[in-house]
Amino acid sequence: MKLLKTGVLSFAAVAMIAGAAIPAAVAKTVKVTMTAMETEVVINNSGDKYPAWTFDGAIPGKVVRVTEGDTVDFTLINPKTNKNSHSMDFHAAEVHVLEEFAPVKPGSSKHFTFEAKRAGIYMYHCGASAMVEHIARGMYGVILVDPKKYTKVFPKPDREYVLIQSQLFPAGSTVAELLENKGWTNALINGKPFNYDPVHDPKASGTMLQSKPGERVRIYYVNANINMPIAAHPIAGIWDRVYPNGSPKNVLYDMQTYGLPVASASAMDIVSPVGKTTANAIVDHTMSAALRGAITVLINSPDAPDTAGKGDNILPR
Ligand SMILES: [Cu+2]
């Protein structure tokens with residue numbers, strides 16, 4: 001998993017505050033390029049393949065991370081080998097739906113820019129028709145827009161993890177079946193059921209979320225389902241804080257379960273007890289989703305590697 005860190009300083013936003021020559025925030029331009037890929041991907045811990053539609057060949061697409069005020073300079077490439085038009089809809093963008101988000105035919109590309117004006121956690125997805133099919137087949141991801149003065153508005157997290165939940169329907173499901181929520185077989189977490197849960201799926205890789213006792217873990221939970229809301233609950237724990245939409249302007253304390261409507265995302269902090277090894281199971285407490293795959297194990301152990309949940313490792317692949 002490579003986080004995008006290709007920020008290019010294209011202009012320096014030097015603000016003159018009350019006449020004093022103090023440089024304020026320096027916004028940057030972040031170049032992001034994605035290629036729509038209609039390709040098979042491994043869809044579970046058993047190695048089964050699924051005819052997916054993806055951004056850059058993976059479900060979910062890569063994590064895009066910018067800072068409030070940055071300009072995202074985006075290009076979508078739709079190779080001529082694809083059979084379908086695709087598009088990009090960044091929920092962090094305030095633009096013209098018929099222009100920036102327009103579908104791109106196979107053999108074409110589309111370029112647009114937008115300023116990420118509002119800090120938060122935002123889904124992105126393909127919006128080409130029929131949108132339900134493009135999302136169900138895997139064309140979604142997350143863009144994190146960090147506030148400018150991060151540590152002034154948020155308690156600093158020791159670890160961060162992205163969890164993007166979605167619904168898997170059988171290959172060949174019709175649009176009508178998708179709209180009726182008919183026949184979905186699995187809840188995917190970052191592209192696989194029980195992705196980080198060897199307890200419920202012995203074939204899981206063994207990768208789990210990790211932290212040390214007492215650390216603050218910030219979970220960016222994204223609902224990329226077609227039809228189902230999510231009831232996010234950390235079994236054997238309580239959300240210390242929830243930031244709806246990931247904005248520091250919104251904060252809730254001491255939450256057992258937090259609801260995520262379709263196409264929403266929030267930041268949720270959990271702090272494990274100090275001095276002992278514990279574990280949490282982060283679930284969608286909607287039972288039909290939990291038992292189809294929406295369970296993620298978080299281990300709080302002194303042995304947690306320092307690299308887990310940091311930098312490029314916030315979305316474990
Ligand atoms: Cu698409």
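## A pair across two strands

Which residue stands opposite R218 in strand 18? In this predicted model, the residue facing R218 is D269. To find the setting of this pair, look at strand 13, which covers residues 216-223, and strand 18, which covers residues 265-271. These two strands run antiparallel and are joined by seven bridges.

## The sheet around them

Strands 13 and 18 belong to an open sheet of six strands. If you trace the sheet across, the order reads 11-10-13-18-15-16, with mixed pairing. At the edges you will find strand 11 (186-189) and strand 16 (252-255). Each has a single partner strand, so one side of each is left without a neighbour in the sheet. Direction ignored, neighbouring strands here are turned against each other by 25° on average.

## Two domains and where they meet

Stepping back to the whole protein chain, the domain assignment gives domain 1 as residues 7-153 and domain 2 as residues 159-313. Taken over C-alpha atoms, the centres of the two domains are separated by 21 Å.

Where they touch, 24 residues of domain 1 are in contact with 31 residues of domain 2. On the domain 1 side, several elements each supply at least two residues: strand 3 (49-55), strand 8 (120-125), helix 1 (131-136) and strand 9 (140-146). Sorted by class, this side of domain 1 has 19 nonpolar residues, four polar ones and one charged residue.

Technical notes:
Residues numbered from 1 in each chain as written. Predicted model: local features only at pLDDT ≥ 70, side-chain atom pairs only at ≥ 80, totals over all residues. Pairing = 2+ DSSP bridges. Helix = DSSP H or I, 4+ residues; strand = E, 2+ residues; numbered from the N terminus. Axes fitted to C-alpha atoms, helices over the stretch in contact; angles between N-to-C directions. Domains from an automatic or database assignment. Contact = placed C-beta atoms within 7 Å. Nonpolar A, V, L, I, M, F, W, Y, C, P; charged D, E, K, R; others polar.
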